[in-house]
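The following exercises are to be worked through with the sequence and the structure at hand. Each task is followed by a stepwise solution.

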Amino acid sequence: MKKTIGSIFTIGGLIALIYTGINYINDTESFGFLGADVVVSKGDPIPMIISAFVLVIGVILLRTKD
């Protein structure tokens, strides 16, 4: 049972991390100012943090012995 839930969390967390990461990158703007490249992000990093947390929990569940 732990392995099944761990697999679901791992796969779901990985997919969510990729999806939220792409959205975060798309919400980032870059422009040059006085020879320096300035990057401004309007994205919210909280969904990426939650996705990474779910991924880690899934991996931990997969690695534990039953």
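**Exercise 1. The strand pair**

Which residue in β2 is the bridge partner of Phe33? Describe the pairing of the strands and the turn between them.

*Solution.* The model is a predicted one.

Step 1. The bridge partner of Phe33 is Ala36, a residue of β2.

Step 2. A further opposed pair is formed by Glu29 and Val40, the latter in β2.

Step 3. Strand β1 covers residues 28-33 and strand β2 covers residues 36-41; the two run antiparallel and are joined by six bridges.

Step 4. Two residues lie between the strands of this hairpin, and Leu34 adopts a positive phi near 55°.

**Exercise 2. The helix pair**

Determine how helices α1 and α2 are oriented towards each other, and characterise the residues of their contact.

*Solution.* Two packed helices are described by the angle between their axes and the distance between the axes.

Step 1. Helix α1 spans residues 2-26 and helix α2 spans residues 46-63; their axes come within 7 Å and cross at roughly 155°.

Step 2. Angles over 145 degrees count as roughly antiparallel, and α1 and α2 are therefore roughly antiparallel to each other.

Step 3. The crossing in which α1 passes α2 is left-handed.

Step 4. The contact of α1 with α2 comprises 15 nonpolar, eight polar and two charged residues.

**Exercise 3. Ser51**

Is Ser51 buried or exposed, and which residues does it touch?

*Solution.*

Step 1. Ser51 belongs to helix α2.

Step 2. The relative accessibility of Ser51 is 7%. Buried means under 20%, so Ser51 counts as buried.

Step 3. With residues up to four places away in sequence left out, Ser51 touches Gly13, Ala16, Leu17 and Thr20.

**Exercise 4. Phe9**

Assign Phe9 to an element, classify its accessibility and list its contacts.

*Solution.*

Step 1. Phe9 is located in helix α1.

Step 2. Because its relative accessibility is 36%, Phe9 counts as partly exposed.

Step 3. Leaving aside residues up to four places away in sequence, Phe9 touches Val54, Leu55, Ile57, Gly58 and Leu61.

Step 4. Phe9 and Gly32 are 23 residues apart along the chain, and their C-alpha atoms are separated by 41 Å.

**Exercise 5. Ile57 and Ile22**

For Ile57 and Ile22, give the element, the accessibility class and one C-alpha distance each.

*Solution.*

Step 1. Ile57 lies in helix α2, and Ile22 lies in helix α1.

Step 2. Ile57 has a relative accessible area of 28% and is partly exposed. Ile22, at 45% relative accessibility, also counts as partly exposed.

Step 3. Between Ile57 and Thr10, which are 47 residues apart in sequence, the C-alpha to C-alpha distance is 7.5 Å.

Step 4. Ile22 and Met48 are 26 residues apart in sequence, and their C-alpha atoms are 9.9 Å apart in space.

Note on methods: Residues are numbered from 1 along each chain as its sequence is written. This is a predicted model: local features need pLDDT of at least 70, side-chain atom pairs count only at pLDDT 80 or more; totals for chains, interfaces and linings use all residues. Side-chain values use heavy atoms; hydrogens and water are left out. Two strands pair if DSSP finds at least two bridges between them. Helices (H or I, at least four residues) and strands (E, at least two) are DSSP runs, numbered from the N terminus. Axes are lines fitted to C-alpha atoms, for helices over the stretch in contact, and angles run from 0 to 180 degrees between N-to-C directions. Angles under 35 degrees count as roughly parallel, over 145 as roughly antiparallel, 65 to 115 as roughly perpendicular and the rest as oblique. A crossing is left-handed if the near helix is turned anticlockwise from the far one by less than a right angle, and right-handed if clockwise. Ala, Val, Leu, Ile, Met, Phe, Trp, Tyr, Cys and Pro count as nonpolar, Asp, Glu, Lys and Arg as charged, and the others, Gly among them, as polar. Buried means under 20% relative accessible area, exposed over 50%, partly exposed in between (1.4 Å probe, protein chains only). Contact means heavy atoms within 4.5 Å.
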